[in-house]
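Trainee: Please pick one spot in this model and take a close look at what surrounds it. I'd like to follow the contacts outward from there.

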Amino acid sequence: MIEFVYGSKGSGKTKKMIDMANTALETCEGDIIFLNDRDKYRVKVDTKIRFTNLEEFSIVGSDQLFGFISGVIAENYDVKIVFIDNTLRLIDYQTPADICEIVEKIQRINEKHDIKFVLSLSCEKEELPECVAKLI
């Protein structure tokens, strides 16, 4: 399952994602990963959740993001939920095809490993690419 949190910049997407992650601890029977490119949110995410600042690893682009996610999952079979905040910035979004590429790759991981993904996108509903809109 892939879930999306979207809205304009400053609309509270990150706060909502952090709240969702912290709440998921109550029912998740596995590990939760929270990926971001800013360290300032680390203190708001519960310490039982693995928070990773991707900027520390110089992750840029959908191929590198996918490789990082794949490595985390290969290392830890207990991962059940992955939150990816600021997805468009992480993949260096230029065109709708950029987000479609990472969404397709994430769908394959989801199908093989039954891991839930929650991605935040800084755009309005009418700006969502077709590949995302059909999953909402």
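**Starting from isoleucine 18**

Mentor: Once neighbours within four places in sequence are set aside, isoleucine 18 is in contact (heavy atoms within 4.5 Å) with Phe34, Tyr41, Lys44 and Val45. Before going on, a word on the ground rules: this is a predicted model, so local features need pLDDT of at least 70 and side-chain atom pairs pLDDT 80 or more, while totals for chains, interfaces and linings use all residues. Numbering starts from 1 along each chain as its sequence is written, and side-chain values use heavy atoms, with hydrogens and water left out.

Back to our residue. Isoleucine 18 sits in helix H1; helices are DSSP runs of H or I with at least four residues, strands are E runs of at least two, and both are numbered from the N terminus. With a relative accessible area of 5%, isoleucine 18 counts as buried (under 20%; exposed is over 50%, partly exposed in between; 1.4 Å probe, protein chains only).

Helix H1 also holds alanine 21. Alanine 21 is buried, because its relative accessible area is 0%. Beyond its close sequence neighbours (four places either way), alanine 21 is in contact with Ile32, Phe34, Ile49 and Phe83. Notice Phe34 there: isoleucine 18 is in contact with Phe34 too. As for Ile32, alanine 21 and isoleucine 32 are 11 residues apart in sequence, and their C-alpha atoms are 7.4 Å apart in space.

Now the nonpolar packing. A nonpolar core here is a set of buried Ala, Val, Leu, Ile, Met, Phe, Trp, Tyr and Cys residues joined through side-chain atoms within 4.5 Å. The largest one has 30 residues, and Leu35, Leu65, Ile84, Ile99 and Phe117 have the most contacts inside it. Two or more residues come from each of these elements: strands E1 (2-7), E2 (31-36), E4 (79-84) and E5 (116-122), along with helices H2 (62-75), H3 (87-90), H4 (96-113) and H5 (130-133). Helix H4 gives the most, with six residues.

Isoleucine 84 is a handy place to look into that packing. Leaving out neighbours within four places in sequence, isoleucine 84 is in contact with Met17, Leu35, Leu65, Ile69, Leu90, Ile106, Phe117, Val118, Leu119 and Ser120. There is also a second, separate core of 16 residues, and Met17, Cys28, Val45 and Ile81 are among its members. Val45 brings us back to the starting point, as isoleucine 18 is in contact with Val45, while Met17 is in contact with isoleucine 84.

What about the charged residues? A salt bridge here is a side-chain nitrogen of Lys or Arg within 4 Å of a carboxyl oxygen of Asp or Glu, and by this rule there are eight. In one of them glutamate 3 pairs with lysine 116, with 3.2 Å between the closest N and O atoms. Glutamate 3 is in strand E1 and lysine 116 in strand E5, so this pair ties together parts 113 residues apart in sequence. Both ends come out as partly exposed: glutamate 3 at 26% relative accessibility, and lysine 116 at 27%.

Another bridge joins arginine 42 and aspartate 39, whose closest N and O atoms are 2.8 Å apart. Arginine 42 is partly exposed at 33%, and aspartate 39 is partly exposed at 38%.

The bridge I'd linger on is that of lysine 105 with aspartate 63, 2.6 Å from N to O. Lysine 105 belongs to helix H4 and aspartate 63 to helix H2, so the pair ties together parts 42 residues apart in sequence. Lysine 105 is buried, at 14% relative accessibility, whereas aspartate 63 is exposed, at 52%. Salt bridges with shared partners also link Asp37, Arg38 and Arg89 into one network.

Setting aside neighbours within four places in sequence, lysine 105 is in contact with Asp63 and Phe66. How far is lysine 105 from isoleucine 18, C-alpha to C-alpha? They are 24 Å apart in space and 87 residues apart in sequence. So we've gone from a buried residue of helix H1 at 5% to a buried one of helix H4 at 14%.
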